[in-house]
Amino acid sequence: METINDFFSTVSSFLWGWPMIIMLLGTHLFLTLRLRFPQRRIFTAIRLSVGRDKAASGDVSQFGALATALAATIGTGNIVGVATAVALGGPGAVLWCWLTGVFGISTKYAEGLLAVKYRVRTSDGRMLGGPMYALECGLHAKWLAVLFAFFAAVASFGIGNTVQANAISTMVGQVFGIPMWITGLILCGLGAAVILGGVKSIAKVCEMLVPFMAILYAIGCVYILYVNHAFVWPAIKIIFDSAFSPQAAGGGFAGTTVMMACRYGIARGLFSNESGLGSAPIVAAAARTRNPVRQALVSSTGTFWDTVVICALTGIVIVSSVIVYPDIDFRHGAALTKAAFGKIPYVGTPILTFGLITFAFSTILGWSYYGERCVEYLKGRRWMLAYRVVYIICIFIGSVFGLELVWNVADCMNALMAIPNLISLLCLSGIIMHETRKYLWRGRLDRDMDDGELLEVE
């Protein structure tokens, strides 16, 4: 078992090294330039995300689809992942993580567009979509679609389930002294109550949970920055300085190179916001929207909130806290996060605890929908209930056992599912540009309905 774990750990390190960074970041930059910087329309996108397109067809509202995608995206990576980037790449990694989010908005936009453009309708009226349908219907590459669905389904049990459940049970045990098995049973009950209800149940809960948890966490971070206000500007300065020049040891940080800051900042940013992985488009396809570009814009706000806002706040909190308290051990991501927040009297630990628990639980909900849709694509509706039951059981397993092997396998699956998704984005970039020109550049975003025919499936 140890040999197998070492193998997947080595493969994971390779897949999430420079090859994946170049592919993902290269796609971000290519789509940003070809689509004429859709980041400029972020405020339009935010406006659309809180509205309802009642005249359109779909299973959930645009905000419901966004909230479900954010639920899956905003996870432990926004807290522990940022700290790991700082621990390995120095404070400059925060800026590279942030820049990855800025350019990743274009890729999340393109993914959402293709998801709606190539979605299909089932015989009972449900909307299905995502990279597997774009690959099959747009590129006619069924084998790539099957690969994506398989990789995503396997990844849902790891990064979307057991890893998050273990993070919750560990945190609850450390803070409140509650045994992990009790936490696991509670999580199973809560998860089952939502997951068994399908996408509408998941979206309804996420619509309430995601804004609450994100706003409360952001307010907590702002309060910590207020407490550390004398060190916020020095923290921002060291983040920028060390992102573009070698950082000497000092100020509580180890010496790092620009290459290290770049690599770990970009890698953690990509991993956190999931732009390019192909997960978020699966739920974007279920949204009630009159044309693909409207939902594409709404989907793009997910990366904005996840990385440009939440990861940036976490990074500045951590860096400023390390400057204030240079005795903090910065060498381990999880320990760095706990130490940095724990230094703030009264509120630091509660903010971290609340953030980790709610972020991780929301990820479990969001990824359950992703995995279910992929299993349905591969095996049909008859497997949906079986998937839900196994997924709920895995919540308990993850809560009780630390599964390093599952983490490494899921890490590999995450990287592998990105490859066919990136192929669809690049090969169908002409379609993406055509739809963008038709609805966005010509000012017909709010007027025109998509005139394409929906493919009917069983």
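Which residues of H4 are buried? In this predicted model, the list runs Gln62, Gly64, Ala65, Leu66, Ala67, Thr68, Ala69, Leu70, Ala71, Ala72 and Thr73. That makes 11 of the 12 residues of H4, so this helix is largely enclosed by the rest of the structure. Quite a few helices share the job of covering: the buried residues of H4 pack against H3 (42–49), H10 (198–227), H12 (258–273), H13 (281–284), H14 (292–324) and H16 (348–379). The length of H4 works out too. At 1.5 Å a residue, the 12 residues from 62 to 73 should span 16 Å, and the end C-alpha atoms are indeed 16 Å apart.

One residue in H14 deserves a look here, namely Arg294. With 7% relative accessibility, Arg294 counts as buried, the cut-off being under 20%. Leaving aside residues up to four places away in sequence, Arg294 touches Gln62, along with Leu48, Asp53, Thr289, Leu445 and Asp446.

Helix H11 (residues 229–244) tells another story. Its 16 residues should span 22 Å at 1.5 Å a residue, and its end C-alpha atoms sit 24 Å apart, which agrees. The buried residues of H11 are Val232, Ala235, Ile238, Ile239, Ser242 and Ala243. These cover an arc of only 135 degrees around the axis, which puts them on the same side of H11. Flip to the other side of H11, and Ala230, Trp233 and Phe244 are exposed. Helices that cover the buried residues of H11 include H6 (92–117), H10, H12 and H14.

Next come the charged side chains. The whole structure holds 9 salt bridges, and a network of them links Asp124, Arg126, Glu372, Arg373, Glu376, Arg381 and Arg388. Arg126 pairs with Asp124 at 3.1 Å, N to O. Of these two, Arg126 is buried at 17% relative accessible area, whereas Asp124 is partly exposed at 40%. Arg126 also forms a salt bridge with Glu376, with the closest N and O atoms 2.7 Å apart. Since Arg126 lies in the loop between strands E1 (120–122) and E2 (127–128) and Glu376 lies in H16, this pair ties together parts that are 250 residues apart in sequence. Glu376 counts as buried, with 7% relative accessibility. Elsewhere in the network, Glu372 and Arg373 meet at 3.1 Å, N to O; Glu372 is buried at 3%, and Arg373 is buried at 5%.

Finally, the surface has a nonpolar patch made of Leu196, Leu385, Val389, Ile393, Ile397 and Phe401, together offering about 530 Å² of accessible area. Leu385 belongs to H17 (residues 384–400) and, at 56% relative accessibility, counts as exposed.

Conventions. Residues numbered from 1 in each chain as written. Predicted model: local features only at pLDDT ≥ 70, side-chain atom pairs only at ≥ 80, totals over all residues. Heavy atoms only, no water. Helix = DSSP H or I, 4+ residues; strand = E, 2+ residues; numbered from the N terminus. Expected span 1.5 Å × (residues − 1). Buried < 20%, exposed > 50% of the residue type's maximum accessible area, 1.4 Å probe, protein only. Contact = heavy atoms within 4.5 Å. Patch = residues over 30% accessible without salt bridge, like charges linked within 9 Å, V, L, I, M, F, W, Y side chains within 5 Å. Areas by Shrake-Rupley, 256 points an atom, 1.4 Å probe, with all protein chains shown as cover. Salt bridge = Lys/Arg side-chain N within 4 Å of Asp/Glu carboxyl O. Arc of directions from axis to C-beta.
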